[in-house]
Amino acid sequence: MTELRDDVSATEEPSPGPPTSEERLLRAATTLFSDKGFEATRTRDISTTAGMSPSAMYVHFPSKEDLLFQLVRRSNERALALVLKAVAPFTDPIDRVRALVREFSIMHARNFRRARIAQYESRHLAPEHREVVAETRLQIRVAAIREVQNGIDQGVFLIPDPRVAVLAIMSLAVDICRWYSPDGEFTPEELGDINADLVLRILHAPGY
């Protein structure tokens, strides 16, 4: 049986008591989709890895694609909530962007498996599911652009176009999930601080 080295505990509040059947399937799919890819993973693999009968998955998810959608949707919704929460305690544009970049980067390290699925396996989603995910991703991008534009408007960030900066912000954070390993050189928090400094330099913030 595949070892369930999953990042579920870092991505959502654990349920009291043992995991439900649905949670076990989600954890199994997280490991398998991340390590093997969506196409190479059979529904039987998911059920077996979860310690359930081969047909058990269909009790909770109508298809393998729907299970993928639930993982991707939840991952993006958590990312949006995190971005909004990260900036809330601050008023200074530098502090807000630093918090946004730091937390967004940490999330992609701590939750590298689910983030990897959201970024690289979402191409397998049905068109209607891709639309749902695309809308949430747009909200994340708009939120980030709003923060950078606010800094430009206040004369703090010396760049002409926030859209380019936001591409850099997203790329730095998102790419972490592609290569990150818990046994690697940097902790998620260190990566968050490194990326925050890099982004503030890109923005030509005072002192960077």
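These legends describe close-up views of one predicted model.

**View 1. Arg96 and Glu147 form a salt bridge.**
The closest N and O atoms of the two residues are 2.7 Å apart. The pair links distant parts of the chain. Arg96 belongs to helix H6, residues 93–110. Glu147 belongs to helix H8, residues 127–153. In sequence, 51 residues separate them. Are Arg96 and Glu147 buried or exposed? Both are buried.

**View 2. The surroundings of Glu147, a residue of helix H8.**
Glu147 has a relative accessible area of 6%. The cut-off for buried is under 20%, so Glu147 is buried. Which residues touch Glu147, leaving aside its neighbours within four places in sequence? They are Val87, Arg96, Val97, Leu100 and Phe157. Arg96 in this list is also the salt-bridge partner of Glu147. Pro162 can be located from here too: the C-alpha atoms of Glu147 and Pro162 are 8.8 Å apart. In sequence, these two residues are 15 residues apart.

**View 3. Arg110 and Glu189 form a salt bridge.**
Here the closest N and O atoms are 2.4 Å apart. This pair also links distant parts of the chain, with Arg110 in helix H6 and Glu189 in helix H11. The two residues are 79 residues apart. Arg110 has 43% relative accessibility and counts as partly exposed. Glu189 counts as partly exposed as well, at 27%.

**View 4. Arg178 and Asp175 meet through their side chains in a salt bridge.**
The N to O distance is 2.8 Å. Arg178 is partly exposed, with a relative accessible area of 48%. Asp175 is partly exposed at 28%. Elsewhere, Lys36, Arg42 and Asp45 are joined into one network by salt bridges that share partners. How many salt bridges does a search of the whole structure find? It finds 12. Side chains of opposite charge can pair when their charged atoms come close.

**View 5. Arg116 lies in helix H7, residues 112–120.**
Is Arg116 buried or exposed? Its relative accessible area is 18%. That value falls under the 20% cut-off, so Arg116 counts as buried. Leaving aside neighbours within four places in sequence, Arg116 is in contact with Ser34, Asp35, Glu121, Cys177, Arg178 and Tyr180. Arg178 is also part of the salt bridge with Asp175. From Arg116 to Phe186, the C-alpha distance is 18 Å. The two are 70 residues apart in sequence.

**View 6. Phe186, Ile194 and Leu198 form a nonpolar patch on the surface.**
Together, the three residues have about 210 Å² of accessible area. Where is Phe186 placed? Phe186 is in the loop between helix H10 (176–179) and helix H11 (188–202). Phe186 has 33% relative accessibility, so it counts as partly exposed.

**View 7. Ala79 is a buried residue of helix H5, residues 64–87.**
The relative accessibility of Ala79 is 5%. Which residues does Ala79 contact, leaving aside its neighbours within four places in sequence? The contacts are Phe104, Met107 and Ile140. Ala79 and Glu103 are 24 residues apart in sequence. Their C-alpha atoms are 9.4 Å apart.

**View 8. The charged end of Lys64 sits over the ring of Phe38.**
How far is the charged end of Lys64 from the centre of the ring? The distance is 4.2 Å. For aromatic pairs, the count comes to 2.

**View 9. Val59 lies in helix H4, residues 57–60.**
Val59 has a relative accessible area of 66%. Exposed means over 50%, so Val59 is exposed. In space, Val59 and Gly207 are 56 Å apart, C-alpha to C-alpha. In sequence, they are 148 residues apart.

**View 10. His204 lies in the segment after H11.**
His204 has a phi near 60°. This is a positive value in a residue other than glycine. With a relative accessible area of 46%, His204 is partly exposed.

Key
Residues are numbered from 1 along each chain as its sequence is written. This is a predicted model: local features need pLDDT of at least 70, side-chain atom pairs count only at pLDDT 80 or more; totals for chains, interfaces and linings use all residues. Side-chain values use heavy atoms; hydrogens and water are left out. Patches are made of residues with over 30% relative accessible area and no salt bridge: like charges are joined within 9 Å, nonpolar side chains (Val, Leu, Ile, Met, Phe, Trp, Tyr) within 5 Å. Accessible areas come from the Shrake-Rupley method with a 1.4 Å probe; for residues, only the protein chains shown count as cover. A salt bridge is a side-chain nitrogen of Lys or Arg within 4 Å of a carboxyl oxygen of Asp or Glu. Helices (H or I, at least four residues) and strands (E, at least two) are DSSP runs, numbered from the N terminus. Buried means under 20% relative accessible area, exposed over 50%, partly exposed in between (1.4 Å probe, protein chains only). Rings of Phe, Tyr and Trp (its six-membered ring) pair if their centres lie within 6.5 Å; planes under 30 degrees apart count as stacked, over 60 as edge-to-face and the rest as tilted. A charge sits over a ring if NZ of Lys or CZ of Arg is within 6 Å of the ring centre and within 35 degrees of the ring normal. Contact means heavy atoms within 4.5 Å.
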